[in-house]
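These are notes on the model you sent round. They go point by point, beginning with the sheet and ending with the charged pairs.

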Amino acid sequence: MILERITALGTDGSRVKLWFDDGTGMKVPTRVVTEQGLYGGMVLTEEDLAELMDSAQRASARDRAVRIVSTTVISERELKRRLIQ
């Protein structure tokens, strides 16, 4: 699969959308692009794509946990419950 382009989402630069040659797109935190060394025109194997999806899910969960903890007083148990949802 070919990563055709990367476009910014929103104004804070924290998320981007990856566009693939099959017409699909994937929203990911910007740091995933840097960590994975992604660029437009890059050819991704099935293994690369699986690693990208896993990395994006972990980064999104981490970002969500930070948002939850930074805005409310919450127990570890409640945080785990909300992240699993």
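1. Which residue in strand 2 is the bridge partner of R5? The partner is W19. The model is predicted, and everything below should be read on that footing. The R5 and W19 pair belongs to the contact between strand 1 and strand 2, which run antiparallel and are joined by six bridges. The two strands form a hairpin, with five residues between them. G10 lies in that turn and has a positive phi of about 70°.

2. On the pairing of strand 1 with strand 4: strand 1 covers residues 2–9, and two bridges join it to strand 4 in an antiparallel arrangement. Both bridges can be named by residue. I2 has V43 of strand 4 as its bridge partner, and L3 has M42 in strand 4.

3. On the sheet as a whole: four strands make an open sheet in the order 3-2-1-4, and the pairing is antiparallel. Strand 3 and strand 4 are the edge strands, each pairing on one side only. Strand 4 consists of residues 42–43. As general background, the side chains of a regular strand alternate between the two faces of the sheet.

4. Where does helix 2 lie with respect to the strands? Helix 2 lies across strand 2, strand 3 and strand 4. Its direction relative to strand 3 is given by an angle of about 45°.

5. On the nonpolar core: the largest one has 15 residues. The members that touch the most other members are L18, F20, V28, L38, L44 and L52. Two or more residues each come from strand 2 (15–20), strand 3 (25–29), helix 1 and helix 2. Helix 2 gives the largest share, four residues.

6. On L52, one of the core residues just listed: leaving aside neighbours within four places in sequence, L52 is in contact with L18, F20, M26, V32, Q36, L38 and L44.

7. Is A56 buried or exposed? A56 counts as buried because its relative accessibility is 7%, and buried means under 20%. The residue is placed in helix 2. Beyond four places in sequence, A56 touches V28, P29 and V32. For a sense of scale, A56 and E76 are 20 residues apart along the chain, and their C-alpha atoms are separated by 23 Å.

8. On S55, a polar residue in helix 2: S55 has a relative accessibility of 5% and counts as buried. Its side chain joins that of Q36 through a polar contact of 3.5 Å. Outside the neighbours up to four places away in sequence, S55 touches V32, E35 and Q36.

9. How many salt bridges does the model contain? The count comes to four. Side chains of opposite charge can pair when their charged atoms come close. Three of the pairs are taken up in the points that follow, including R31 with D63.

10. On R31 and D63: the closest N and O atoms of this salt bridge are 2.9 Å apart. The pair links distant parts of the chain, with R31 in helix 1 (residues 30–36) and D63 in helix 2 (residues 46–71), 32 residues apart. R31 is partly exposed, at a relative accessible area of 29%. D63 is also partly exposed, at 22% relative accessibility.

11. On E76 and K80: their side chains meet in a salt bridge, with an N to O distance of 3.4 Å. Both residues lie in helix 3 (residues 76–84), four residues apart, which is about one turn of the helix. E76 counts as exposed because its relative accessibility is 57%, with the limit set at over 50%. K80, at 49%, counts as partly exposed.

12. On R81 and E78: what is the spacing of this pair in helix 3? R81 and E78 are three residues apart, about one turn of the helix. Their closest N and O atoms are 2.4 Å apart in the salt bridge. R81 counts as partly exposed at 40% relative accessibility, and E78 is partly exposed with a relative accessible area of 27%.

Methods
Residues are numbered from 1 along each chain as its sequence is written. This is a predicted model: local features need pLDDT of at least 70, side-chain atom pairs count only at pLDDT 80 or more; totals for chains, interfaces and linings use all residues. Side-chain values use heavy atoms; hydrogens and water are left out. Buried means under 20% relative accessible area, exposed over 50%, partly exposed in between (1.4 Å probe, protein chains only). A polar contact is a pair of N or O atoms within 3.5 Å; within protein, one must be able to donate a hydrogen and the other to accept it, and residues adjacent in sequence count only if both atoms are side-chain atoms. Contact means heavy atoms within 4.5 Å. A nonpolar core is a set of buried Ala, Val, Leu, Ile, Met, Phe, Trp, Tyr and Cys residues joined through side-chain atoms within 4.5 Å. Two strands pair if DSSP finds at least two bridges between them. Axes are lines fitted to C-alpha atoms, for helices over the stretch in contact, and angles run from 0 to 180 degrees between N-to-C directions.
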